[in-house]
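Open the model in your viewer and keep the selection box at hand. The stops below go from the whole chain down to single side chains.

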Amino acid sequence: APADVVRLRYAVTDRQRQAADARQQVDTRVAAFLTALEAQGIPREQVRADSISIYAEYQTERSGKQVFTGYRASRRLTVRLEDFSKIGDVTELAMSSGLNGIEGYEYDIKDPRALREQARKAAIADARAQAELLAAGFGARLTRPCQLSFGEESPYVNGRMKMQAMTRAMDAGAEDLSPNEGYTQEKLSVSAQVEAVYALDEPAK
């Protein structure tokens with residue numbers, strides 16, 4: 001099924017001697033990114049920013065003593081888009097705003113209910129056909145279902161964007177890669193499982 005939404009996941013990390021300085025650096029980059037998105041017509045409601053995390057870092061010396069080296073602050077952001085043509089532009093904005101991590105992109109379906117319903121109907125038909133085939137193989141026929149249930153289902157399989165080229169450009173600071181190159185969309189699928197138990201009627205001999 002074709003995807004109609006994509007979630008772009010980024011991260012920003014900074015290390016400073018003082019915790020307040022590390023936090024300020026991260027907050028400044030996040031604010032710059034949000035401002036740049038709004039300038040491109042992407043509202044704040046389409047961005048989810050996780051809480052900032054700050055923790056002390058230590059380095060272990062040969063003697064076994066741990067020496068404090070500073071504080072590391074990090075924050076993750078997710079941008080939700082329905083216009084796929086903006087994927088490359090948003091990644092460029094993330095890079096230019098100081099975000100230094102691409103954590104993965106996922107295509108998705110806004111409302112998978114219709115697809116899930118189709119998958120369930122197909123699973124029911126397949127379960128019935130398989131049961132009839134099995135019964136016929138033993139010279140019996142199905143009568144009535146004794147137990148019916150849906151098995152454990154995965155809502156849908158996400159299509160992931162492969163961004164190796166864009167990631168390399170980000171790490172190397174390359175400027176010759178087109179914003180819309182370097183990613184591919186995988187097909188989305190919805191699956192369903194049905195568990196059925198039937199009573200059998202053995203034909204008269």
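Start with the whole protein chain: of its 205 residues, 30% count as buried. Buried means under 20% relative accessible area, exposed means over 50%, and partly exposed is in between (1.4 Å probe, protein chains only). This is a predicted model: local features need pLDDT of at least 70, side-chain atom pairs count only at pLDDT 80 or more, and totals for chains, interfaces and linings use all residues. Residues are numbered from 1 along each chain as its sequence is written, and side-chain values use heavy atoms, with hydrogens and water left out.

**Stop 1: the fold**

Switch to cartoon. The protein chain holds four helices and eight strands. Helices (H or I, at least four residues) and strands (E, at least two) are DSSP runs, numbered from the N terminus. Trace the chain along the sequence and you read β-α-β-β-β-α-β-α-β-β-α-β. Now turn on contacts, meaning heavy atoms within 4.5 Å. Among contacts in the protein chain with a separation of 6 or more, 78% come from residues 24 or more positions apart.

**Stop 2: the core**

Select L8, Y10, F33, V79 and V90. These residues have the most contacts inside the largest nonpolar core, which has 27 residues. A nonpolar core is a set of buried Ala, Val, Leu, Ile, Met, Phe, Trp, Tyr and Cys residues joined through side-chain atoms within 4.5 Å. At least two residues of this core come from each of β1, α1 (19-39), β4, α2 and β5 (101-108). Helix α1 gives the most, with seven residues.

**Stop 3: the rings**

How many aromatic pairs does the structure hold? There are five. Rings of Phe, Tyr and Trp (its six-membered ring) pair if their centres lie within 6.5 Å; planes under 30 degrees apart count as stacked, over 60 as edge-to-face and the rest as tilted.

Zoom to Y10 and F33. Their ring centres are 5.8 Å apart and their planes stand at 80°, so this pair is edge-to-face. Y10 is in strand β1 and F33 in helix α1, so the pair ties together parts 23 residues apart in sequence. Y10 counts as buried because its relative accessibility is 1%. F33 is buried too, at 0%.

Go next to Y58 and F68. Here the ring centres are 5.7 Å apart and the planes lie at 65°, so the pair is again edge-to-face. Y58 sits in strand β3 and F68 in strand β4, so parts 10 residues apart in sequence are tied together. F68 is partly exposed, at 25% relative accessibility.

Add Y105 to the first pair: ring pairs link Y10, F33 and Y105 into a cluster.

Then jump to R120. It lies over the face of F150, at 4.5 Å from the ring centre. A charge sits over a ring if NZ of Lys or CZ of Arg is within 6 Å of the ring centre and within 35 degrees of the ring normal.

**Stop 4: the β3-β4 hairpin**

Select 53-60 and 66-81. These are strands β3 and β4, which pair in the antiparallel sense over eight bridges. Two strands pair if DSSP finds at least two bridges between them. Find E57: it stands opposite G70 in β4. Five residues lie between the strands of this hairpin, and G64 takes a positive phi near 95°.

Stay in β4 and pick R75. A polar atom of its side chain lies 2.6 Å from the backbone oxygen of D50. Beyond four places in sequence, R75 touches residues including Y10, V26, D27 and I52.

**Stop 5: a buried aspartate**

Pick D14, in strand β1. Is D14 buried or exposed? It counts as buried because its relative accessibility is 9%. Its side chain makes a polar contact with the side chain of Q16, at 2.8 Å. A polar contact is a pair of N or O atoms within 3.5 Å; within protein, one must be able to donate a hydrogen and the other to accept it, and residues adjacent in sequence count only if both atoms are side-chain atoms. Among the residues that D14 touches more than four places away are R29, Y71 and R72.

**Stop 6: α2 and β5**

Select helix α2, residues 87-96. Its buried residues are I87, G88, V90, T91, L93 and A94. Just after α2, G98 takes a positive phi of about 105°.

Finish at G104 in strand β5. This glycine, G104, is partly exposed, with a relative accessible area of 23%. Leaving aside neighbours within four places, G104 is in contact with R7, L8 and R9. Draw a C-alpha to C-alpha distance from G104 to T78: 9.7 Å in space, for 26 residues in sequence.
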